[in-house]
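Welcome, and please open the model in your viewer. We will walk through it one selection at a time.

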Amino acid sequence: MPTPPFFNLLNALESINDAEKYSAFHIINTGYKTSIDGNFHITADILISHTLRDTQYQGPRPVIVRIHGGFLVTGSSLYPPWFSNWILEYALLNNAIIISPNYRLLPEVSGKDILDDMNDFWHWLHSGSVDPIIWGAGYQGITLDQSSVLVVGESAGGYLAIQLAITYPSKIRGVIAAYPMVDLRSKFYTEIYSKPIVGVPNVPVSLLDDHLAMMATRENNRTEWITAADPPNRLELAFSTVQNGKFLDVFGSKDRKLFPIERLQDLISAGKWIQLPLMFIFHGEQDSAVPVDSSKKFVRFLREKLPHARVMLHTQDGDHGFDADATLETPWLRDGLERISKVWLESPSSNL
């Protein structure tokens with residue numbers, strides 16, 4: 001009997017679950033947000049290269065905020081198959097500190113709740129709380145360079161990275177958004193039709209319905225915080241939500257601030273001056289999880305309505321996660337990172 005497509009996907013993910021992926025880093029897991037009753041916490045992982053203990057690297061270090069994907073339904077800050085190696089390599093090359101946050105997940109909360117988490121994370125990052133945590137791990141003399149922050153996100157994380165850039169444009173030097181979910185009103189998320197995602201055919205809507213019914217039976221179900229889930233946990237739930245056109249039912253649809261293009265349209269209509277950070281967006285032409293047309297539409301909007309916006313778009317043949325095998329020497333990635341580095345690190349001769 002042939003292996004079902006979903007299990008083929010899981011086998012593929014497990015095959016790249018490299019135990020050595022983070023071996024060059026010291027990892028600190030720390031909380032950045034606590035529920036009012038104190039029962040739930042949201043954490044972030046701080047990744048510091050072992051070499052930063054060398055005295056020559058003491059002082060402010062550039063920062064990479066990396067936000068994980070998973071349709072806002074699954075995933076976690078350090079889930080290895082979804083943490084691209086090139087991000088780790090890029091941090092090592094530039095002696096940067098990576099901070100990768102978790103956030104509450106759909107459908108237990110709404111999209112607005114997730115954006116609230118990102119804002120709370122951002123305030124924590126800039127509150128002065130992180131440096132003492134780094135010192136306590138044995139990296140005395142190392143601090144975050146708050147003037148050199150790069151935000152990187154994949155898929156749903158790309159959406160959150162772009163939302164942060166709209167909220168805090170002057171605090172972010174650059175954004176790298178890999179196949180970002182930036183057109184959430186498109187029929188891909190709102191209509192039901194056959195839409196295999198990375199080879200997995202439509203998951204029945206009953207899986208989502210059963211999950212929502214289970215939530216409804218819990219006392220105070222909206223207060224339960226689900227902040228991390230490594231596939232296979234909740235992966236079929238994510239597929240069921242998207243493939244059956246139910247994404248906005250759980251994410252929210254009325255608040256225009258949830259949708260980057262609408263949010264920017266409203267800022268423009270209000271006469272606000274918008275100077276977004278440099279953006280590097282890349283997307284696979286055959287992306288089956290986040291249609292490439294969403295990135296093309298977003299970049300087209302920026303170029304038409306914000307002609308001063310600095311945005312690079314690279315598309316090429318490939319499905320979701322096509323950059324998994326990319327390295328810092330991959331031509332298209334190297335070209336984009338060279339431009340990002342000059343702005344992020346404010347040096348014309350900076351590393352890559």
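What follows is a tour that begins with the whole chain and then visits a few chosen spots.

**The whole protein**

Show everything as a cartoon; keep in mind that this is a predicted model. You should find 12 helices and 8 strands in the protein. Turn it around: the C-alpha atoms fill a box of roughly 55 × 45 × 45 Å along the principal axes. The radius of gyration is 20 Å, which agrees with the value near 20 Å that a compact globule of 352 residues would have.

Now switch on the surface. Its accessible area comes to about 14,700 Å², and 51% of that belongs to carbon and sulfur atoms. Beneath it, buried residues account for 56% of the 352 residues. How are the contacts spread along the sequence? Taking contacts between residues at least 6 apart, 76% join residues at least 24 apart.

**Stop one: helix α2 and its end**

Select residues 85–93, which form helix α2. Which of its residues are buried? They are W86, I87, L88, Y90 and A91. An α-helix has 3.6 residues a turn, so residues three or four places apart point the same way. Just after the helix comes N95, with a positive phi near 50°.

**Stop two: two cis peptide bonds**

Most residues other than glycine have a negative phi, and most peptide bonds are trans. That makes a useful background for the next selections.

Go to L106 and P107: the peptide bond between them is cis, with omega near 0°. P107 sits in the loop that runs between β4 (97–101) and α3. Then move on to P231 and P232, which are also joined by a cis peptide bond, here with omega about 15°. P232 belongs to the loop between α7 (205–217) and α8 (235–243).

**Stop three: two residues with positive phi**

Stay in the loop between α7 and α8 and select R234. R234 is not a glycine, yet its phi is positive, near 70°. Is R234 buried or exposed? R234 is buried, because its relative accessible area of 11% is under the 20% cut-off.

Next, pick V198 in the loop between α6 (187–190) and α7. V198 also has a positive phi, about 40°, without being a glycine. With a relative accessible area of 30%, V198 is partly exposed.

**Stop four: F298 and its surroundings**

Select F298 in helix α11, residues 292–305. F298 counts as buried, at 0% relative accessibility. Which residues does F298 touch? Leaving aside those up to four places away in sequence, they are I162, V182, P260, I261, L264, M279 and I281. Try a distance label between F298 and I281: these two are 17 residues apart along the chain, and their C-alpha atoms are separated by 9.9 Å.

**Last stop: the second largest pocket**

Rolling a probe the size of a water molecule over the atoms shows where empty space is left. To find the second largest pocket, select L115, N119, T167, K257 and R263, the residues nearest its centre among the 16 that line it. The elements giving two or more residues to this lining are α3 (111–125), α5 (156–167) and α10 (260–269). Which element gives the most? That is α3, with 5 residues.

Colour the lining by class and you will see 6 nonpolar, 3 polar and 7 charged residues. The volume of this second largest pocket is about 300 Å³.

Key
Residues numbered from 1 in each chain as written. Predicted model: local features only at pLDDT ≥ 70, side-chain atom pairs only at ≥ 80, totals over all residues. Heavy atoms only, no water. 1 Å grid on protein atoms, 1.4 Å probe; cavity = no way out; pocket = protein on both sides within 12 Å on 5 of 7 lines; lining within 4 Å. Points joined across faces, edges and corners; volume = space filled by probe spheres on them. Helix = DSSP H or I, 4+ residues; strand = E, 2+ residues; numbered from the N terminus. Nonpolar A, V, L, I, M, F, W, Y, C, P; charged D, E, K, R; others polar. Rg over C-alpha atoms; globule rule 2.2 N^0.38 Å. Buried < 20%, exposed > 50% of the residue type's maximum accessible area, 1.4 Å probe, protein only. Contact = heavy atoms within 4.5 Å. Areas by Shrake-Rupley, 256 points an atom, 1.4 Å probe, with all protein chains shown as cover.
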